[in-house]
Amino acid sequence: MIASALPACEKHDTAMSLDESTTAWALAARSGDRAAVDRFVRALHRDVQRFVAHLCGDPQAVDDLAQDTFLRALGSLHRFEGRTSARAWLLSIARRAVVDSYRYTAARPRLSDVPDWQRAVENAQPQDLPGFDDGIALLDLLAALPRERREAFVLTQLVGLPYAETAQVSDCPVGTVRSRVARARATLMDLLNDAEESVPQAA
């Protein structure tokens, strides 16, 4: 089952304090505070990686996209005025970085010099790690969702962004975000139920 380890109220309080802190660090970083830049990047690096990983679907591209996101953000930090949380602002930049990456890849497709590229990718994946199979199962389930629903679910349920800020990142009304998350949950539950029902038949 997909669930957070924190109670809902504690998760909300944690998200609020994180948003307040990172926004304060971003504003301080505008004036050249190097320590604030470091705190800002460290605090949000994992959220950015998690978000781009679910958007791009390419594990090899995650680090590059996260780095690109922070380079873009630090380059335009002088324009950040704190009207929204720094986390929402940064994740909207991450979203644009992924979209730009898709466009670049579509314009310049890469060729593989490996005859059986699928087997090469499978052999390169880590095995026998704690939680690895569960992580792959979650990725498979999320990959089955339409892109808009997956994005809304990841931002609100995995990254912990409030619905209003998710709406800003996704450039849509809050009601649309709520609808997408509800539909994503329903689809995930259906997929989990189908998977559980098929286990006894396979055995």
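In this predicted model, helix 2 (residues 34–56) packs against helix 3 (residues 62–75) at an angle of about 135°. The two axes lie 9 Å apart. Helix 2 is therefore oblique to helix 3, since only angles over 145 degrees count as roughly antiparallel. The crossing of this pair is right-handed. Helix 2 brings V37, F40, V41, L44, H45, V48, Q49, V52, A53 and C56 to the contact. Helix 3 supplies V62, D63, L65, A66, T69, F70 and L74. By class, the residues of this contact comprise 13 nonpolar, 3 polar and 1 charged.

Helix 2 also holds D47. This residue has a relative accessible area of 9%. D47 is therefore buried, the cut-off being under 20%. The D47 side chain makes a polar contact with the side chain of R87, at 3.2 Å. R87 also appears among the residues in contact with D47 once neighbours within four places in sequence are set aside. The others in that set are L18, L91 and V159.

A second helix pair was examined further along the chain. Helix 7 (residues 147–158) and helix 8 pack at an angle of about 140°. Their axes are 10 Å apart. The crossing of helix 7 and helix 8 is right-handed. On helix 7, the contact is formed by E151, A152, L155, T156 and Q157. On helix 8, the participants are Y163, T166, V169 and S170. The residues of this contact divide into 4 nonpolar, 4 polar and 1 charged.

Helix 8 spans residues 163–170. Its buried residues are E165, T166, A167, V169 and S170. Of these, T166, V169 and S170 belong to the contact with helix 7. D171 follows helix 8 and has a positive phi, near 60°.

The loop between helix 8 and helix 9 (174–202) contains C172. The relative accessibility of C172 is 15%, so this loop residue counts as buried. With residues up to four places away in sequence left out, C172 touches A167, V177 and R180. A167 is itself one of the buried residues of helix 8.

Definitions and conventions
Residues numbered from 1 in each chain as written. Predicted model: local features only at pLDDT ≥ 70, side-chain atom pairs only at ≥ 80, totals over all residues. Heavy atoms only, no water. Axes fitted to C-alpha atoms, helices over the stretch in contact; angles between N-to-C directions. Helix = DSSP H or I, 4+ residues; strand = E, 2+ residues; numbered from the N terminus. Parallel < 35°, antiparallel > 145°, perpendicular 65-115°, else oblique. Left-handed = near helix turned anticlockwise from the far one by under 90°. Contact = heavy atoms within 4.5 Å. Nonpolar A, V, L, I, M, F, W, Y, C, P; charged D, E, K, R; others polar. Buried < 20%, exposed > 50% of the residue type's maximum accessible area, 1.4 Å probe, protein only. Polar contact = N/O pair within 3.5 Å; in protein donor to acceptor, adjacent residues only side chain to side chain.
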